[in-house]
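Work through the exercises below with the sequence and model open. Try each task before you read its solution.

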Amino acid sequence: MRSKVARTSIEATFVRAEESSRPDRLFDDPFAPLFVAAAEQDRTEAEDEAAATWKKILAFNVVIRTRFFDEYLLAATEAGCRQVVLVGAGLDTRAFRLDWPSGIRLFELDLGDTLGFKNEILEKAGAQPRCARTTLVTDLREDGWPTRLTEAGYDTALPTAWLVEGVLGYLTSEEAARLLGTIGELSAASSRISFEHANLSSGSAFLAEAKAVPALAEIAAMAKGGLGEKTLPWLGDNGWDAVLHDRADLAVSYGRQAMGRSNGGLITAVRR
Ligand SMILES: C[S@@+](CC[C@H](N)C(=O)[O-])C[C@H]1O[C@@H](n2cnc3c(N)ncnc32)[C@H](O)[C@@H]1O
């Protein structure tokens, strides 16, 4: 994958490959090692203690969020959502590795570079999706994607489970509000949405510290903070009933020790 933005998806995949090899893993992504092998991109090594600590915190966040979103999606489909949309799907292989109820239609939206790489590896591996899977090359900054999504078979009348994993933090507050607003317009009552809430406003100490670590500079420089502290009130004002799940509490419930400073968690919301 050539572009800097497409390469952000490989960082999470390194973590998923590593976690999948643990005997006490919180999920199993058998495709992650295949992407890692094909990416021809070395994981950036931590060059000092601060960088190593940060990398551990970011890896911990990916592990906890992966397990949480696995459970969120399966619960949402069991609760009646017949469609799933992975926004900025990256190298997410949930279509292939989760035990979906029958009749689920799943859409993956991402840039062509990422989806091209992903589909090539999955095809080579003979991977079979466990739901009806459609990948849609999408630039989320453009206006036309909702139309193309409906043309691809998305039904605005059906409750949908949306996942926006690892995406909103790379957007400005205005861009994040616009994306979430569009998703709201496409969401029938009882639809659900979930995403990480890192509580990173652009001036936050957390983000400033990450930016100061050279090994993280490239990724941290792309972080714009999304809706930050405005996220929960914004959801309430825009048709969603939202709950914030504390990351540290989730970790403990999964048998893992919480790591790093508390900086938010995972949001789930239901469309009114
Ligand atoms: C950090 S990755 C997260 C990928 C995946 N959801 C995960 O958690 O593993 C961010 C993803 O957003 C995608 N992305 C970034 N900007 C985008 C845009 N304008 N339109 C569509 N996808 C975009 C990238 O290609 C990348 O796959």
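The exercises go from the overall fold to single residues.

Two conventions apply throughout. Residues are numbered from 1 along each chain as its sequence is written. The model is predicted: local features need pLDDT of at least 70, side-chain atom pairs count only at pLDDT 80 or more, and totals for chains, interfaces and linings use all residues.

**Exercise 1. The inventory**

Task: State how many helices and strands the protein has, and what percentage of its residues is buried.

Solution. Start with secondary structure. The protein has 11 helices and 7 strands. Helices (H or I, at least four residues) and strands (E, at least two) are DSSP runs, numbered from the N terminus. Next, burial. Buried residues account for 37% of the 272 residues. A residue is buried if 20 or more other C-beta atoms lie within 10 Å of its own, exposed if 12 or fewer, and partly exposed in between; C-beta atoms are placed from the backbone. Last, contact range. Of the contacts between residues at least 6 apart in sequence, 74% join residues at least 24 apart. Two residues are in contact if their C-beta atoms, placed from the backbone, lie within 7 Å.

**Exercise 2. The sheet**

Task: Give the strand order of the open sheet and name its edge strands.

Solution. Take the order first. The open sheet of 7 strands reads 3-2-1-4-5-7-6, and its pairing is mixed. Two strands pair if DSSP finds at least two bridges between them. The edges are strand 3 (132–137) and strand 6, each of which pairs on one side only. From one strand to the next, the twist averages 15 degrees. Axes are lines fitted to C-alpha atoms, for helices over the stretch in contact, and angles run from 0 to 180 degrees between N-to-C directions.

Now go pair by pair. Strand 4 (residues 160–164) and strand 5 run parallel, joined by 4 bridges. Here Trp-162 stands opposite Ile-193 of strand 5. Strand 5 (residues 192–197) pairs with strand 7 in the antiparallel sense over 6 bridges. Ile-193 has Ala-269 of strand 7 as a bridge partner. Strand 6 (residues 240–246) is also antiparallel to strand 7, over 7 bridges. There, Trp-240 is matched with Arg-271 of strand 7.

**Exercise 3. Enclosed strands**

Task: Explain why strand 5 and strand 7 count as largely enclosed.

Solution. Count buried residues. In strand 5, 6 of the 6 residues are buried, so this strand is largely enclosed by the rest of the structure. In strand 7 (residues 265–271), 5 of the 7 are buried, so strand 7 is largely enclosed too. Then add the helix. Helix 3 lies across strand 1 (83–87), strand 4, strand 5, strand 6 and strand 7. Helix 3 runs at about 170 degrees to strand 4.

**Exercise 4. The core**

Task: Which residues of the largest nonpolar core touch the most other members?

Solution. This core holds 49 residues, and Val-84, Val-87, Trp-162, Leu-163 and Val-164 touch the most other members. A nonpolar core is a set of buried Ala, Val, Leu, Ile, Met, Phe, Trp, Tyr and Cys residues joined through C-beta atoms within 7 Å. Helix 3 (residues 49–78) gives the largest share of the core, 8 residues. Look closer at one member. Beyond four places in sequence, Val-84 touches Leu-73, Thr-77, Ile-104, Leu-106 and Ala-161.

**Exercise 5. The ligand shell**

Task: Which element gives the largest share of the shell around the ligand?

Solution. The shell has 20 residues, the closest being Ser-9, Gly-88, Gly-90, Leu-140 and Gly-166. A residue is near a molecule if its C-beta atom, placed from the backbone, lies within 6 Å of it. Helix 1 (residues 4–20) gives the largest share, 5 residues.

**Exercise 6. Three single residues**

Task: Is each of Lys-124, Ala-127 and Ser-190 exposed or partly exposed?

Solution. Lys-124 is in helix 5 (residues 112–124). Lys-124 is exposed because it has 10 C-beta neighbours inside 10 Å. Ala-127 sits in the loop between helix 5 and strand 3. With 17 other C-beta atoms within 10 Å, Ala-127 is partly exposed. Leaving aside neighbours within four places in sequence, Ala-127 contacts Phe-31, Phe-96 and Leu-122. Ser-190 belongs to the loop between helix 7 (173–185) and strand 5. Ser-190 is partly exposed, with 15 other C-beta atoms within 10 Å. Ser-190 has a positive phi of about 75 degrees, although it is not a glycine.
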